[in-house]
Amino acid sequence: MGPSRVRAPGLSPAPGAVAAVARVALLCPDLLFGSRLRSALENAGHEVLDAAAEADVLVVDLTDDAESRVAAAAGSSMPVLGFYSHVEQDVRQAAEAAGFTRVVPRSRMAREGPALVEALLA
């Protein structure tokens, strides 16, 4: 199932761009960071879900219990964006080997979360 290609109400896309609103499954057990990321995604016009069943994009926190999260997301039919602690390069490598579409450090996810999701929809 592909992403909904509709313009988010009240948001203007960059000049020449078409805003794509996605249903984003966010798997982030860190309540503080998860809440911050959820708000950023919702402010960008995306719908944030707690389960992947109806999602267009899966966003996975790999900073804790990475092995089980990598295994759970491996082979997903939707784009998968993972984020990890910058000191855990083995986690990044495992996620890439498992077929994650993109894997970025947590700090980049904090700065660019909505843009990273939107890049997966392009």
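Here is a student and tutor chat about a predicted protein model.

Student: Before we start, what pLDDT do local features need here?
Tutor: Residues are numbered from 1 along each chain as its sequence is written, and side-chain values use heavy atoms, with hydrogens and water left out. As this is a predicted model, totals for chains, interfaces and linings use all residues, side-chain atom pairs count only at pLDDT 80 or more, and local features need pLDDT of at least 70.

Student: Which pattern does the protein chain follow along the sequence?
Tutor: Helices (H or I, at least four residues) and strands (E, at least two) are DSSP runs, numbered from the N terminus. The protein chain has four helices and five strands. Read along the sequence, the pattern is β-α-β-β-α-β-α-β-α.

Student: What share of the 122 residues counts as buried?
Tutor: Buried means under 20% relative accessible area, exposed over 50%, and partly exposed in between (1.4 Å probe, protein chains only). For the 122 residues of the protein chain, the buried share is 39%.

Student: How much of the contacts with a separation of 6 or more comes from residues 24 or more positions apart?
Tutor: Contact means heavy atoms within 4.5 Å. Taking the contacts in the protein chain with a separation of 6 or more, residues 24 or more positions apart account for 52%.

Student: On to helix H1: do its end C-alpha atoms sit at what distance, and what span should its 13 residues give?
Tutor: The expected span of a helix is 1.5 Å times one less than its number of residues. The end C-alpha atoms of H1 are 18 Å apart, which agrees with the span its 13 residues should have, 18 Å.

Student: Where do the buried residues of H1 fall, seen down its axis?
Tutor: The buried residues of H1 are Phe33, Gly34, Leu37 and Leu41. The face turned away from them carries the exposed residues Leu31, Leu32, Arg36 and Asn43. An α-helix has 3.6 residues a turn, so residues three or four places apart point the same way. Seen down the axis of H1, the buried residues line one face, within an arc (taken from the directions from the helix axis to the C-beta atoms) of 100 degrees.

Student: Which elements do the buried residues of H1 pack against?
Tutor: At the start of H1, a side-chain oxygen of Asp30 comes to within 3.1 Å of the backbone nitrogen of Leu32. Just after H1, Gly45 has a positive phi of about 100 degrees. As for packing, the buried residues of H1 go against S1, S2, S3, S4 and H4.

Student: Which element gives the largest share of the largest nonpolar core?
Tutor: A nonpolar core is a set of buried Ala, Val, Leu, Ile, Met, Phe, Trp, Tyr and Cys residues joined through side-chain atoms within 4.5 Å. The largest one has 18 residues, and those with the most contacts inside it are Leu37, Val59, Leu81, Phe83, Met109 and Val117. The elements giving two or more residues are S1, helix H1 (31–43), S3, strand S4 (80–84) and H4. The largest share, five residues, comes from H4.

Student: How many residues are in the other core?
Tutor: That core lies apart from the largest one, and Leu58, Ala66, Tyr84 and Phe100 are among its members. Its residue count is 16.

Student: How many salt bridges are there?
Tutor: Side chains of opposite charge can pair when their charged atoms come close. A salt bridge is a side-chain nitrogen of Lys or Arg within 4 Å of a carboxyl oxygen of Asp or Glu. By this rule, the count is eight.

Student: How far apart in sequence are Arg23 and Asp56?
Tutor: Their side chains meet in a salt bridge at 2.7 Å, N to O. Arg23 is buried at 16% relative accessible area, and Asp56 is buried at 3%. Arg23 is in strand S1 (residues 23–27) and Asp56 in the loop between strand S2 (47–49) and strand S3 (57–61), which puts them apart by 33 residues.

Student: Asp61 looks busy; which residue does it join in a polar contact of 2.5 Å?
Tutor: Asp61, in strand S3, is buried at 2% relative accessible area. Asp61 also forms a salt bridge with Arg106, with the closest N and O atoms 3.9 Å apart. A polar contact is a pair of N or O atoms within 3.5 Å; within protein, one must be able to donate a hydrogen and the other to accept it, and residues adjacent in sequence count only if both atoms are side-chain atoms. The side-chain partner at 2.5 Å is Thr63.
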